[in-house]
Amino acid sequence: MSTAKNNEEIPNAHLHELMVKELQDLLGAEKQLLLGLEKMASAAVDDKLKAAFRLHCQDTENHIERLKSAFGALGLPPRGRRCKAMAGLLEAAGEIAAEFQDSPALLDIALIAAAQKMEHYEIASYGCALTYAELMELPEVTLLLGQTLEEERQADELLTEMALAGINQAQGG
Ligand SMILES: [Fe+2]
Ligand SMILES: [Fe+2]
């Protein structure tokens, strides 16, 4: 099924199929996350956390557009696949929100932990896809994936800061 097989000039062309699968998984994951972040924003107690989740919704829309551009650069239709991993992480976030809904101080910290697991999944997936693109010497795809990877890392760092602030508040410090 690989479309790279007939393009012998691309180095490491055997990675093409792996990269396309990773991009399809990511497109599915980002679309699922878009809905999930909206729910997590509604569930969060702290206004700053709500705002952070909503801001990352906007980032996520950009990530979806970049993935579509990456498919375009590869001459492929932007086809996503349902990401089972993201579905599981979102399901877990829903459970944790229900479990801690009567403990507002802990609810936000738990939601941040759930969100960070999703960001780490994205970071791992974009990291793999980016490495494939670099090895295949595809500059446009490399640039697009690199931009998103950087934003995922920033989102993760922001969540860590918010978690630490929330933990301090919860213990009255
Ligand atoms: Fe993303
Ligand atoms: Fe993200």
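# Exercises on a predicted two-iron helical model

The protein donors of the iron ion (ligand 1) are Glu30, through two OE contacts, His63 (ND1), Glu122 (OE) and Glu152 (OE), and they lie 2.0 to 2.3 Å from the ion. The model is a predicted one, and the exercises below work outwards from this site.

**Exercise 1.** Determine which spacing the donors of the iron ion (ligand 1) follow along the chain, and where Glu30 and His63 lie.

*Solution.* Step one is to read the donors in sequence order, which gives the spacing E-x32-H-x58-E-x29-E for the iron ion (ligand 1). Step two is to place the leading pair: Glu30 lies in helix α1 and His63 in helix α2, so this pair ties together parts of the chain that are 33 residues apart in sequence. Step three is to check accessibility, for which the cut-off for a buried residue is under 20% relative accessible area. Glu30 has 0% relative accessibility and therefore counts as buried, and His63, with a relative accessible area of 0%, is buried as well.

**Exercise 2.** Identify the residues that coordinate the iron ion (ligand 2), and work out how this ion is related to the iron ion (ligand 1).

*Solution.* Begin with the donors: the iron ion (ligand 2) is coordinated by His56 (NE2), by Glu119 through two OE contacts, by Glu122 (OE) and by Glu152 (OE), at 2.0 to 2.6 Å. Along the chain these donors follow the spacing H-x62-E-x2-E-x29-E. Next, locate two of the donors: Glu119 belongs to helix α4 (residues 104–135) and Glu152 to helix α5 (residues 139–170), and the pair links distant parts of the chain, 33 residues apart. The burial test then gives a relative accessibility of 2% for Glu119, which therefore counts as buried, while Glu152 is buried with a relative accessible area of 0%. Finally, compare the two donor lists: Glu122 bridges the two iron ions, which lie 3.3 Å apart, and Glu152 likewise appears among the donors of the iron ion (ligand 1) and among those of the iron ion (ligand 2).

**Exercise 3.** Describe the secondary structure, the extent and the burial of the protein chain as a whole.

*Solution.* Counting the elements gives 5 helices and 0 strands, and reading them along the sequence gives the pattern α-α-α-α-α. The C-alpha trace spans about 60 × 25 × 20 Å along its principal axes. Of the 173 residues in the protein chain, 45% are buried.

**Exercise 4.** Find which residues form a positive surface patch, and decide whether Arg81 is buried, partly exposed or exposed.

*Solution.* The patch is formed by Lys21, Arg81, Arg82 and Lys84. Among these, Arg81 lies in the loop between α2 (47–73) and α3 (84–99). With a relative accessible area of 38%, Arg81 is partly exposed, because that class covers the values between the buried limit of under 20% and the exposed limit of over 50%.

**Exercise 5.** For Asn12 and Glu137, state what phi is near, and establish where each residue is placed and how accessible it is.

*Solution.* For Asn12, phi is near 55 degrees, a positive value in a residue other than glycine. Asn12 is placed in the segment before α1 (16–43), and its relative accessible area of 33% makes it partly exposed. For Glu137, phi is also near 55 degrees, again a positive value in a residue that is not glycine. Glu137 is found in the loop between α4 and α5, and at 58% relative accessibility Glu137 counts as exposed.

Definitions and conventions. Residues are numbered from 1 along each chain as its sequence is written. Chains are lettered from A and ligands numbered from 1 in the order in which they are written. This is a predicted model: local features need pLDDT of at least 70, side-chain atom pairs count only at pLDDT 80 or more; totals for chains, interfaces and linings use all residues. Side-chain values use heavy atoms; hydrogens and water are left out. Donors are N, O and S atoms within 2.8 Å of the metal (3.2 Å for Na, K and Ca); water is not among the atoms, so sites may look incomplete. Buried means under 20% relative accessible area, exposed over 50%, partly exposed in between (1.4 Å probe, protein chains only). Patches are made of residues with over 30% relative accessible area and no salt bridge: like charges are joined within 9 Å, nonpolar side chains (Val, Leu, Ile, Met, Phe, Trp, Tyr) within 5 Å. Accessible areas come from the Shrake-Rupley method with a 1.4 Å probe; for residues, only the protein chains shown count as cover. A salt bridge is a side-chain nitrogen of Lys or Arg within 4 Å of a carboxyl oxygen of Asp or Glu. Lys and Arg count as positive and Asp and Glu as negative; His and the chain ends are not counted. The place of a charge is taken as NZ of Lys, CZ of Arg, CG of Asp or CD of Glu. Helices (H or I, at least four residues) and strands (E, at least two) are DSSP runs, numbered from the N terminus.
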